[in-house]
Each structure stands twice: as structure tokens, then as C-alpha cells.
Amino acid sequence: MKRRISLLGTYVVGVALAGAGWTSTAALAQTKPSAATDALAQADPVPFWWFHGTVETGGRFFLNNPRTGTPSGNQVGTTVPSLAKYYEYSRIAPGPFGYVNLATGTIDGLYQINFAGINIGYGDQSYYLDASKAGEHYVSLGFDQSPHRYSNTAQTFYQGVGSNSLTLPSGFVKGTTAANIVPFLYETDIGIKRDTASVEYRWTPTTSWDVKADYSHLRRTGTQIDGVTGFGSSAFSSPTQVPKPVSDSTQNFGLNGEYAGTSPWGKNFTLKLAYNGSQYSDDYSAYTIQGPYSNGTISAAQLSLPPSNQANAFSGTVGADLPWKSRYVGTISYNMMRQDSAFIPMTINPAALPAALVLPASSLNGAINTVLSNNVITTKITPEFTSKLSYRYYDFDNNTPELLFPRWVSYDHVTGGLGTESAIRSLSISYVKQNFGEELNWRPTREWNVGIGYGFERYNWTRDSVDVTNEHSARFSWIGSRLPGSACARAATIPTASTRPTTTTPTSLASNSRAAAQPTRGSSTPPIGR
Amino acid sequence: MKTSSVVVVRPRVTDGLPIGDPNTLKRRHPTPLVLIATIAVLFGAAFAFCQSASAEGALKVTDISAMLRGQDTVKTQAKLQQSDVNDGAFSALSAFAQGIAAQAPAHANTSAAPLDEPAFAALKGFAERLGTAQPESMKSMPKVAEADNALDALREFMQGGSTSAPPPAASSKSGPVAGGKQSRPLVEATYVGAKVCLTCHSTQAEAFGKTLMGRIGKTQKGKFDCENCHGPGSAHVKAGGGRGVGGIISFRPEDQARTAEENNGVCLACHERGDRTNWHGSTHETRGLMCTNCHTVMKEVSRKNQLKTAFEPETCFQCHKDRRAQMFRSSHMPLREGKIVCSDCHNPHGSNTEALLKKDSINDTCYTCHAEKRGPFLFEHAPVRENCDNCHEPHGTVNENSLKLSRPRLCFECHQFGHSPNAGISSSFTMGRSCQNCHTAVHGSNSPAGGAFQR
């Protein structure tokens with residue numbers, strides 16, 4: 001019995017101890033995760049940066065590759081359809097491709113960086129990287145490739161496509177028969193590729209100041225269709241289409257700053273000053289083409305290419321709220337365009353270089369200055385009735401020297417001065433364009449609108465076939481504001497024959513006259529919808 | 001809770017203001033009963049204050065004192081924005097303060113004000129300062145009381161007033177909710193703070209936090225609080241919420257309660273600069289467009305400029321269906337391919353040039369990418385120099401190179417005396433590039449032999 005009691009006691013004590021142990025284990029278990037959590041929290045604090053991104057990759061191959069312009073030998077006369085429009089601004093090539101979009105930033109939103117790659121591996125791929133410190137600094141970098149294909153079925157026998165010298169292939173026998181040409185034809189793409197790198201920066205040190213700067217570099221390479229004539233027996237015979245080389249760069253850059261504050265009369269006021277520059281550089285000033293005709297009098301012709309040039313523009317804009325619920329915005333801008341590239345020779349045909357063809361200058365020293373002054377005053381006469389009064393002055397002042405060429409060569413085929421054209425003078429056309437307008441608008445509700453407007457436009461031309469044009473216009477808009485009508489009357493003052501500038505160009509071209517195109521003296525046009 | 005309010009003001013008493021310091025009070029009322037009562041009130045007030053001050057970023061007595069002294073105003077105002085608006089006492093005081101502040105002259109000098117009751121004067125002074133403790137963007141919002149149009153301004157002027165005169169008390173109690181039209185019934189509302197808004201609008205706030213404005217709002221507390229743009233929300237809250245309820249500004253284009261000008265005025269309070277300088281009088285402004293017709297503020301959809309669509313042209317094509325159709329013509333610039341966008345050439349907020357162009361002229365716009373056409377050239381082609389659009393339609397055509405007409409018809413628009421205009425299709429004058437088979441440099445030639453644009 002004692003043993004039973006002892007056993008029972010032992011059992012109870014054992015159970016009690018087991019329970020205590022179990023309890024203590026549970027208690028320990030309850031405390032351990034807490035400690036572990038604390039330790040974990042200490043070891044891994046809340047991350048300060050977040051990350052997000054997507055990456056998509058793949059590959060492409062063709063079971064039946066559509067024609068993409070790959071040279072495929074002699075296909076003259078075939079009717080293979082062109083896919084130039086399909087591939088006009090893109091190029092889907094076999095191989096890998098991908099898309100990437102990555103972003104990171106701080107949790108407080110202060111910093112953020114975004115990166116993206118689009119159409120990676122294709123001919124129209126682009127990338128950008130945006131980084132910012134919110135409210136203060138913004139930087140954006142970009143790189144873009146944009147093809148522009150005009151043709152993928154063009155065929156030529158010229159060698160050196162893309163360079164400034166198009167030559168006949170070795171073994172080519174001059175002539176226009178298929179037997180001469182076909183053996184040497186091959187396909188080539190006609191198109192250009194634009195590679196653009198850019199960077200933009202914006203700085204907002206305070207809420208009142210805003211500063212921006214930007215720079216971009218555009219590189220163009222490839223070919224475009226061009227035409228050359230004079231290879232044959234006469235000037236107007238045998239025009240030939242050739243691939244013109246395109247190899248140039250355009251750099252655009254700008255810097256502007258803006259201040260926004262309060263005017264002396266206690267209203268909002270902004271002042272913005274800006275500079276924008278542009279530099280165009282052409283790798284070639286001209287290119288030469290060997291003549292393929294057997295009856296031609298010259299071995300080669302020369303065509304000019306766009307000259308390198310520059311532009312610099314300065315502008316200032318003022319926007320100010322005025323008393324009586326009016327606002328004035330005025331802009332004045334001054335732009336200088338310059339071009340002083342060396343002239344190419346009158347002709348590359350030595351036989352066509354008589355003494356009279358000495359150039360009057362080695363370069364143009366071209367200079368065009370433009371001045372823009374735009375002034376707008378808006379007034380809120382009543383909450384529904386507003387007025388806009390505007391005046392715009394745009395002066396296109398062409399200061400390029402006018403050069404007189406006593407004799408000139410219209411085509412390289414001429415020989416020994418025979419056939420050279422008589423005197424020609426370049427014209428530096430200038431004009432001043434002025435616009436004045438007043439618009440009254442009544443908008444009783446959001447959907448209903450009635451407006452009337454009057455506009456006056458005046459052109460003053462210099463060295464052109466028209467001296468002055470005046471145009472009065474009236475505008476009406478009514479219900480729904482989507483059915484406006486307008487009427488205008490234009491009058492032109494045409495200079496007399498004695499005062500009309502002359503270029504002494506061939507008769508067929510001298511009539512490039514807006515006087516002939518715009519003989520409207522006091523005519524009017526019926527209201528037209530737009 | 002009124003007791004705590006009084007105590008909040010009391011520290012001002014210790015700041016040497018005209019009503020004297022506590023010692024002075026103690027000497028005036030030295031009886032034990034008063035002392036005990038004072039101590040009890042102080043302890044009670046201190047306890048109540050500690051309850052509210054325990055919240056992070058809450059307003060402290062020193063802050064209020066500093067503000068009353070005109071010190072560290074910015075810091076205190078920032079804290080005011082962060083303070084726990086759920087504190088009923090503070091909310092009541094804040095509302096009361098805003099009400100008083102709105103009645104006060106713009107530049108009232110409270111210390112010099114001839115007040116009969118010193119305690120009331122102190123409270124009123126504090127209230128005025130607190131009422132002006134609003135973010136700058138809030139202050140610059142459209143004010144109801146100011147003359148809303150030129151006629152009203154003229155009327156005030158004739159009555160000897162000024163457009164900048166303080167508003168009438170009756171209308172000044174309302175915030176920008178009332179909008180800019182006088183005919184609109186005013187809604188009495190006060191600011192409740194962003195935390196109250198988040199009770200229901202946490203989803204929108206989270207999305208907004210990922211936008212640029214939202215990011216700036218995170219780092220510059222109070223700059224982009226909800227009510228800065230949506231107006232004071234107390235009436236909205238009391239009414240239980242709902243789109244446009246309680247005078248809250250929804251900015252939705254379909255919300256007919258407010259005009260486009262009223263809604264735009266909220267945005268322009270900060271954004272009437274930069275590209276938006278020419279907004280007033282611009283085509284889109286006179287058409288009655290709202291900022292939110294094109295932009296979405298509360299979520300990030302586009303890479304830049306908070307547009308409604310990820311692809312910018314789709315935003316423009318909401319209205320400009322004709323341009324969308326042109327873009328799909330066979331000859332077009334790479335707009336639909338995403339290489340250029342409308343805003344590369346146009347500034348939809350207004351500009352100095354026709355068609356909302358960004359540059360000074362159409363040609364200057366084209367020269368941005370086509371600088372080889374800029375010249376000056378030795379031989380200029382007059383219509384080219386005048387306007388690229390004389391021959392091209394940049395939005396797309398069915399002719400090569402986005403020409404308005406096919407060649408040679410385009411050239412015949414001016415050159416009626418060209419070579420054999422009636423030549424057959426096999427003629428070199430009409431086939432291929434037609435006139436440009438020979439006159440290839442129609443944009444101008446810098447060759448001494450380019451007088452006919454053939455070199």
C-alpha cells in the first residue's frame with residue numbers, strides 16, 4: 001500500500017515536474033521568439049532603399065524571313081514587294097531582345113532612380129536614366145536609336161554608297177543597256193539612322209528659382225535619294241537617281257533660369273531668361289558621282305550637301321498678374337543663324353572652267369537675325385466674359401551678302417564655257433510679320449461659349465516679288481465652341497517691274513512669285529470650318 | 001479641455017507680456033485657497049498637456065510661445081501641420097483661431113492692439129498667428145473675397161477700396177472651397193489635417209506618395225497636404241464624405257460644381273510659371289480645358305508630367321482625333337512609334353507662336369531636328385525659308401516626305417511655267433521624284449552652281 005502510495009506520489013510528482021517542465025518550456029518558448037524577434041529587428045533594420053524592376057528577355061528567329069533588304073544579287077525587274085514601310089522606323093532582326101525597367105529610391109521619397117531599356121537588341125532601341133532628389137535636383141540621361149528607312153528594294157551599281165564618292169564598279173562598261181547594268185546591280189537600303197544622346201538637368205534651389213540645362217547630340221548616318229543630271233548628251237537628259245550620303249551631327253544645348261515672386265503691386269510675377277544654341281556639322285560639303293553613260297561628255301558630276309551652320313538664341317519672358325484681374329505676358333527673343341562654310345568649286349569639270357567663273361567670295365558669310373516680340377494682355381471682365389489683346393512682331397532680317405555671279409555653270413556637262421548661264425545674283429529675302437488681335441469670349445457655362453475675334457496680319461517683304469500684304473480676319477465661335485467660322489480678306493502690293501528684284505535666272509525659274517500665286521486683291525474667302 | 005487651452009496660453013503670461021508674470025499674479029492672490037486651486041489647475045492642465053504632447057511631433061508650449069514671440073515661425077508652423085489633429089482641444093482651438101485670423105487685418109500687430117481683456121487679447125493674438133500658420137500654397141489659393149473680375153475690381157476701386165483689401169468677415173470664413181464665382185453658395189469649412197483624410201483615402205494617398213509631388217510632400221511636410229489643393233475638409237468630413245460633398249474639390253472633369261477656371265486656379269497658384277506662363281488666353285484655356293483633362297495628380301501614369309496616359313499623344317488624341325488619323329497615314333513622323341511626342345514641338349499650355357509651337361516660328365521648330373535645312377543658303381528657296389508648312393504637313397500625309405501634294409503638282413502650285421507639265425508618266429519630269437529628279441536642292445543650295453537648286 002505504501003508502495004502504491006509512494007508510486008502514486010512519485011507519479012503525481014512526476015506529472016507535476018513534467019507539467020512544470022512543459023510549462024517552463026512553453027514559457028521559454030514564449031520568451032525565445034520575442035528575443036529572436038528583437039535580435040532580428042536589431043540585425044535587419046527597416047531598409048532605407050526600395051527596389052523594383054522588371055526584366056523581359058526573349059529571342060526571335062524566322063522560319064520564313066521576310067525581305068529586309070539583305071543584298072541578294074541580281075533581282076532587277078523582279079516584283080518582290082517592298083517592306084520599307086513596315087520597317088520604316090524599326091528593324092526587327094533575328095536574335096535576342098529584351099526590355100528592362102529598374103527603379104530604386106529611398107523610402108522617404110527624397111531620392112529615386114529609374115532606368116529603362118526599350119527594344120534592346122533592335123535597331124530602334126532606347127535607354128533612359130532618370131535620377132532625382134525630390135524638389136531640388138533632376139537629371140535625365142537618354143540614348144535613342146531611330147532608323148528611318150525609305151526603301152529596302154533599291155538597286156544600284158555604284159560602289160562607295162554612304163561615302164562622298166560614288167564610283168563605277170570595276171569592269172563596268174558605260175552604257176544604258178541592260179546588259180551593261182544588270183550584272184552589276186545589287187540591293188541596298190536607302191535610309192538613315194539617328195543616334196541621339198541627351199542629358200537634361202533641372203535645379204530648383206528654392207520655390208522661387210528654377211534652372212534648367214540640356215544638351216543633345218544627334219548623329220545621322222545613311223543615305224537618301226538624290227538626283228543628278230547632265231551625264232548624257234544634254235543638260236536635261238538622263239537624270240539619274242543616286243544614293244546621297246548622309247553623315248552629319250546636330251548638337252542642341254540650352255540654359256534657362258526663371259524667378260517667380262511677387263511684384264511691387266503684390267501680384268504674382270515671373271521672369272525667365274533663356275539661351276539656346278544649335279550646331280550643325282556636316283562631314284561632307286559635297287559628293288561626286290561617276291557618269292555611267294557612254295555618250296556623256298563628262299566623267300563625273302558634283303552635288304553639294306547641306307553646309308555646316310550654327311544658331312544662337314536669347315530670350316526673356318515676363319509674366320505678371322495685373323490689377324483688375326488682368327495678366328500680361330511678354331516675350332522678346334533674338335535669334336542669330338550663321339553659315340560660313342567654304343564654297344565648293346563651281347564645277348569639277350576642268351573643261352568647264354573659263355576665267356569668268358571665278359567666285360566672288362570663298363564663303364557666304366550668311367547671317368540671319370530674327371527678333372520676336374510677343375505681348376498678350378488677358379482680362380477677366382466678368383467671371384464669364386474674358387478679353388485677350390495681343391500684338392506680335394517678328395522680324396526676319398536676312399543680312400546675308402547678295403553675291404553676283406557673272407557666269408555660272410548649271411550642269412557639269414558644259415565644256416569650255418559653252419552653255420554656261422548668264423549672270424545670277426543671290427537674293428537675301430527679309431520680312432517683318434506683325435499680328436494684332438482682339439478676342440472676346442463669353443462662357444456662361446462650361447459647355448456653352450460665344451466668342452468673337454478680330455485679327456490683322458501684315459507682311460513687309462524686302463527683296464521679294466511682293467512688298468506688302470495685309471490681311472484682316474474675323475472669327476466667330478458659338479454653341480459648343482466646336483463650330484467656329486472665320487473670314488479673311490488679303491491685299492497684296494506688288495512692286496513694279498522696275499523695282500522688282502531680279503535674279504536673272506532662267507525664265508522657267510524666275511517666276512517663282514507669290515505675286516502670281518496670291519493675286520488676291522481685296523478678295524475674301526467664305527467662312528470655313530476647322 | 002478648455003482648461004488645457006487656457007493653460008496653453010498661460011505660458012505666454014510668463015513671457016513678460018503686458019498682463020504680467022505669474023509672480024505678479026501670485027502676489028495679487030496670496031490666499032492659500034487660491035494657491036491650492038491654482039496648483040490643482042496647473043497639475044490638471046499639465047497632465048492634460050502631457051497626454052497630447054506625448055504624441056510625436058505634437059505642438060509644445062515652447063513652440064507656441066516661440067510663435068507668439070514671432071520666433072522660429074517656420075519650425076512651429078511645420079509642427080502645427082504635424083500636430084495630432086485628433087486632439088479635439090487643438091482642433092477646436094485651431095478652428096477658432098482660423099476664424100479669428102480670417103477676421104483680423106492682414107498685418108495686425110496683436111501686441112499693440114487695444115484690447116480690454118488681457119487674456120482674450122493673448123488668446124486672440126495666438127489665434128491670429130495660428131490662423132496664419134498655413135502653407136504658402138494654401139495662402140496663394142484663390143481668395144473668394146478678392147475681386148473676382150475686372151468689373152468688381154473697378155467697382156471696389158470707385159468705392160475707394162482696393163482689390164487687396166481684407167475680405168468681408170462673412171465670406172472670409174470659408175476657404176478656397178467656395179471657388180472663384182461669387183454666385184456660388186459658400187461652404188463653411190475649416191482644415192482638419194491630412195490624418196483625418198487618410199482615414200478614408202489611404203489608398204489614394206499611397207499612390208500619391210509615389211508621384212513626384214507626393215515625394216516632395218514626404219520630405220517637405222505640409223507642402224502637399226490634401227487640403228492644400230482639395231480645400232478645407234471639415235464639412236466634407238461632417239457630411240460623411242462623398243465626391244464633392246461638403247464643398248471638397250474633386251478636380252474631376254465631370255464634376256459640374258466648379259468651373260474649369262476655379263479648378264485650374266488651384267493648380268496655377270503654384271504652377272503659373274515655366275511652360276504655363278502663357279496659359280491665360282491660350283487656345284486650350286479659352287476652350288475651357290482643365291488641368292485634369294490631361295493630367296492626373298494622384299497617381300503616376302506617365303514617365304513625366306503626370307499625364308493621364310502613359311503614351312503622351314494619347315492624351316492629346318482625346319480631342320485631336322484628326323491628328324491621330326493623320327499619324328496613321330503612310331507618310332508620317334515616328335510619332336506612333338513613340339520616337340517623338342506632341343510636346344516635342346508644341347506647348348499645350350500656350351506659346352508665343354501659332355499652333356502652340358514651342359519655338360519662335362514654324363521653321364525654328366523644324367530646325368530642332370532638321371538643322372541641315374536651316375542655312376542660311378547662298379540660294380534660298382523663298383517659300384521654304386518662309387514656312388516649311390507651305391509644302392509639308394508634319395502630322396502625316398499620303399505623299400512622300402509628308403508633302404501636302406504629290407510632285408509635280410506641288411511644284412506647280414507656284415511654278416506654272418515648268419518644263420512640260422503635261423508630259424506623260426514616263427517622262428523624267430514626272431516619274432520618280434519628278435521635279436526633284438533634277439532640282440534636288442529645293443531646301444536651298446550653297447553651291448555657286450546651285451542657282452536652279454539642281455546642285
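Colleague: I have the model open at strands β19 and β20 of chain A. How many bridges join them, and in which sense do they run?

Modeller: Strand β19(A), residues 430-442, is joined to strand β20(A), residues 450-462, by 13 bridges, and the two run antiparallel. Please keep in mind that this is a predicted model. To place the pair by eye, find Phe436(A), whose bridge partner in β20(A) is Phe456(A).

Colleague: Which strand lies on from β20(A), and how many bridges does it make?

Modeller: That is β21(A), residues 468-477, which runs antiparallel to β20(A) and is joined to it by ten bridges. Here, Gly455(A) has Ser473(A) as its bridge partner in β21(A). In general, the side chains of a regular strand alternate between the two faces of the sheet.

Colleague: What should I look for at the turn between β20(A) and β21(A)?

Modeller: Look at the backbone angles. Five residues separate the two strands of this hairpin, and Arg463(A) in the turn has a positive phi of about 60°. Another hairpin can be read in a similar way: β9(A) and β10(A) have five residues between them, with Gly266(A) at a positive phi near 80°.

Colleague: Which strands does β9(A) pair with on the way into that hairpin?

Modeller: Strand β9(A), residues 240-262, is joined to β8(A), residues 209-228, by 20 bridges, and to β10(A), residues 268-282, by 15 bridges. Both pairings are antiparallel. As markers, take His217(A), which has Gln251(A) as its bridge partner in β9(A), and Asn256(A), which has Ala274(A) as its partner in β10(A).

Colleague: How do I read the sheet made by β6, β11 and β12 of chain A: what is its pairing?

Modeller: Start with the order of the strands, then look for the edges. The order is β6-β11-β12 in an open sheet of three strands, and the pairing is mixed. The edges are β6(A), residues 165-166, and β12(A), residues 300-304, each of which pairs on one side only. Between β11(A), residues 286-290, and β12(A) there are five bridges in the antiparallel sense. Within that pair, Thr288(A) stands opposite Gln302(A) of β12(A).

Colleague: Stepping back, how many helices and strands does chain A have?

Modeller: Chain A has four helices and 23 strands. Of its 530 residues, 25% are buried. Among its contacts with a separation of 6 or more, 64% are between residues 24 or more positions apart.

Colleague: And what is the mean pLDDT of chain A?

Modeller: The mean is 81, with 75% of the residues at 70 or more. Two stretches deserve care. Over residues 1-37 of chain A, pLDDT stays under 50 and the model has zero contacts beyond four places in sequence. Residues 504-530 of chain A also have pLDDT below 50, yet that stretch has 53 contacts beyond near neighbours in sequence.

Colleague: Let's turn to the interface. How many residues of each chain are in contact?

Modeller: 75 residues of chain B touch 94 residues of chain A. On the chain B side, the elements giving two or more residues are α9 (150-158), α12 (212-219) and α21 (382-386). The most comes from α12(B), with six residues. By class, the chain B side has 21 nonpolar, 37 polar and 17 charged residues.

Colleague: Which residues of α12(B) are buried?

Modeller: They are Gly214(B), Arg215(B) and Gly217(B). Looking down the axis of α12(B), you find these within an arc of 160°, so they line one face of the helix. Their cover comes from both chains, including β3 (111-120) of chain A and α11 (194-208) of chain B.

Colleague: How far apart are the end C-alpha atoms of α15(B)?

Modeller: They are 15 Å apart. At 1.5 Å a residue, the twelve residues of α15(B), 260-271, should span 16 Å, so the two values agree. Its buried residues include Glu261(B), Asn263(B), Val266(B) and Leu268(B), and α13 (226-230) and α17 (291-294) of chain B are among the elements that cover them.

Colleague: One last residue: where is Thr368(B) found?

Modeller: Thr368(B) sits in the loop between α20 (362-367) and α21 of chain B. It counts as partly exposed because it has 18 C-beta neighbours inside 10 Å, and 20 would be needed for buried. Asp344(B) is 24 residues away from Thr368(B) in sequence, with 9.4 Å between their C-alpha atoms.

Technical notes:
Residues are numbered from 1 along each chain as its sequence is written. Chains are lettered from A and ligands numbered from 1 in the order in which they are written. Two strands pair if DSSP finds at least two bridges between them. A residue is buried if 20 or more other C-beta atoms lie within 10 Å of its own, exposed if 12 or fewer, and partly exposed in between; C-beta atoms are placed from the backbone. Two residues are in contact if their C-beta atoms, placed from the backbone, lie within 7 Å. The expected span of a helix is 1.5 Å times one less than its number of residues. Ala, Val, Leu, Ile, Met, Phe, Trp, Tyr, Cys and Pro count as nonpolar, Asp, Glu, Lys and Arg as charged, and the others, Gly among them, as polar. The arc is that of the directions from the helix axis to the C-beta atoms. pLDDT is the predictor's confidence in each residue, from 0 to 100.
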